[in-house]
Amino acid sequence: MATILSKGDLFDAKLKTEIFNKVKGHSTLARLSGQEPIPFNGSKEFIFSMDNEIDIVAENGAKSHGGVTVAPFAMAPLKVEYGARVSDEFMYASEEEAIDILKAWTEGFAMKLAKGFDIMGLHGVNPRTGEAAQLIGKNSFDTNTDVNVIEYKPDDPESNLEDAAAAIDEFDVSGWGFSKDFASALAKLKVNGVPQYPEFRFGANPGAFGGASCDVNSTVGYGDKDKVITGDFTCFKWGIAKQFPLEVIEYGNPDNSDDGDLKGHNQVYLRSEAFIGWGILVPEAFSVVKVNTP
């Protein structure tokens with residue numbers, strides 16, 4: 001048995017780097033915001049809000065009180081996992097074949113992690129069940145009631161963008177996330193027969209829009225409610241708290257399924273886990289264009 005597949009082995013540094021790169025490439029939230037490590041036990045961010053503007057002070061003049069508000073924001077990582085049963089012939093693969101299997105698993109897990117991160121962070125949903133996740137609570141753009149909500153106008157996509165940008169007021173627009181159908185609506189918008197946003201035609205993802213970063217992704221439109229997310233993504237933090245173990249389980253029923261004992265069915269179980277955390281530090285700095293549903 002190749003040692004790289006022994007129980008509890010971790011992906012080597014090269015493979016972990018590939019996972020990070022793939023997550024950033026497939027996740028809208030990851031692409032539009034920065035990533036930084038999060039302690040395994042979570043972290044606490046302190047958000048300072050200075051209540052007034054700076055004051056001019058004359059020579060020998062008295063200084064006045066400006067005021068400041070400090071609010072702590074706790075960011076705790078959530079554990080996510082993906083596992084699958086495979087034939088125990090996997091255990092007897094040559095080292096060369098084992099490395100190929102590991103790379104394929106790495107890419108698959110990275111894609112699932114990226115998609116799942118968006119579904120959790122944007123919509124507050126457990127990706128596997130499709131239901132609202134209590135562990136996420138208000139820590140998503142759909143469930144945080146302080147995020148600005150703009151009613152979707154399907155006949156006027158440009159006004160949706162203007163309204164979303166205007167709603168964040170004093171904050172800057174650093175990024176745009178579009179659902180695929182909204183990007184298509186922009187691509188079809190014409191004035192005197194001339195396409196106004198040709199960069200979105202034929203399913204393209206231009207990477208920039210209006211001087212800011214942009215990403216077109218099906219995860220933005222997950223559930224057919226959200227069309228656009230925009231705002232100042234320096235007010236959104238996310239990170240990985242733990243390495244990615246690949247565990248090869250040889251015994252028992254680790255997925256609690258009706259398939260029974262692994263050994264009794266000549267199977268092994270592959271499992272990868274990650275601890276990922278995120279936080280919307282200033283929800284007022286973001287807008288979501290959303291279909292108005294009862």
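1. Two strands pair if DSSP finds at least two bridges between them. On that basis, Gly231 has Phe286 of β14 as its bridge partner. Strand β10, residues 226-231, is joined to β14 by 5 bridges, and the two run antiparallel. Phe286 comes up again in the core discussed below: it is listed there among the residues with the most contacts.

2. A word on confidence. The model is predicted. Average pLDDT for the chain is 81, and 74% of the residues reach at least 70. Residues 1-11 fall below 50, yet this stretch makes 31 contacts in the model beyond near neighbours in sequence. I would read those contacts with that pLDDT in view.

3. Overall make-up. The chain has 294 residues, and 42% of them count as buried. Its secondary structure comes to 5 helices and 14 strands. Take the contacts between residues at least 6 apart in sequence: 74% of them join residues at least 24 apart. The accessible surface is about 16100 Å², with 50% of it belonging to carbon and sulfur atoms.

4. The open sheet. It has 6 strands, ordered β4-β14-β10-β5-β9-β8, and the pairing is mixed. β4 (148-151) and β8 (208-209) are the edge strands. Each has a single partner strand, so one side of each lacks a neighbour in the sheet. The β10 and β14 pairing of point 1 belongs here, as these strands stand side by side in the order.

5. The largest nonpolar core. It holds 36 residues. Those with the most contacts inside it are Phe117, Phe141, Phe236, Trp238, Ile276, Trp278 and Phe286. Several elements supply at least two residues each, among them α2 (28-32), β3 (78-87), β12 (246-249) and β14 (286-290). α3 gives the most, with 7 residues.

6. Which residues does Phe117 touch, not counting those up to four places away in sequence? Four of the core residues named above are on the list: Phe236, Trp238, Ile276 and Trp278. Ser27, Leu29, Ala30 and Leu122 complete the list. Phe117 lies within the α3 range, 95-123.

7. β11 and β13. Strand β11 (236-240) is mostly covered, with 4 of its 5 residues buried. It is joined to β13 by 5 bridges, and the pair runs antiparallel. Ile240 stands opposite Ile276 in β13. Both strands each supply at least two residues of the largest core.

8. The second core. A separate set of 18 residues includes Ile150, Leu161, Ala187 and Phe209. Ile150 falls within the range of edge strand β4, and Phe209 within that of edge strand β8.

9. Cysteines. The disulfide count comes to 0. Cys214 is buried, at a relative accessible area of 1%. Cys235 also counts as buried, at 9% relative accessibility.

10. Glu170: buried or exposed? Its relative accessibility is 64%, so Glu170 counts as exposed. This residue is in the loop between α4 (157-167) and β5 (175-178). Its C-alpha atom is separated by 9.7 Å from that of Glu284, although the two residues are 114 apart along the chain.

Conventions: Residues are numbered from 1 along each chain as its sequence is written. This is a predicted model: local features need pLDDT of at least 70, side-chain atom pairs count only at pLDDT 80 or more; totals for chains, interfaces and linings use all residues. Side-chain values use heavy atoms; hydrogens and water are left out. Buried means under 20% relative accessible area, exposed over 50%, partly exposed in between (1.4 Å probe, protein chains only). Contact means heavy atoms within 4.5 Å. Accessible areas come from the Shrake-Rupley method with a 1.4 Å probe; for residues, only the protein chains shown count as cover. pLDDT is the predictor's confidence in each residue, from 0 to 100. A nonpolar core is a set of buried Ala, Val, Leu, Ile, Met, Phe, Trp, Tyr and Cys residues joined through side-chain atoms within 4.5 Å. A disulfide is a pair of cysteine sulfur atoms within 2.5 Å.
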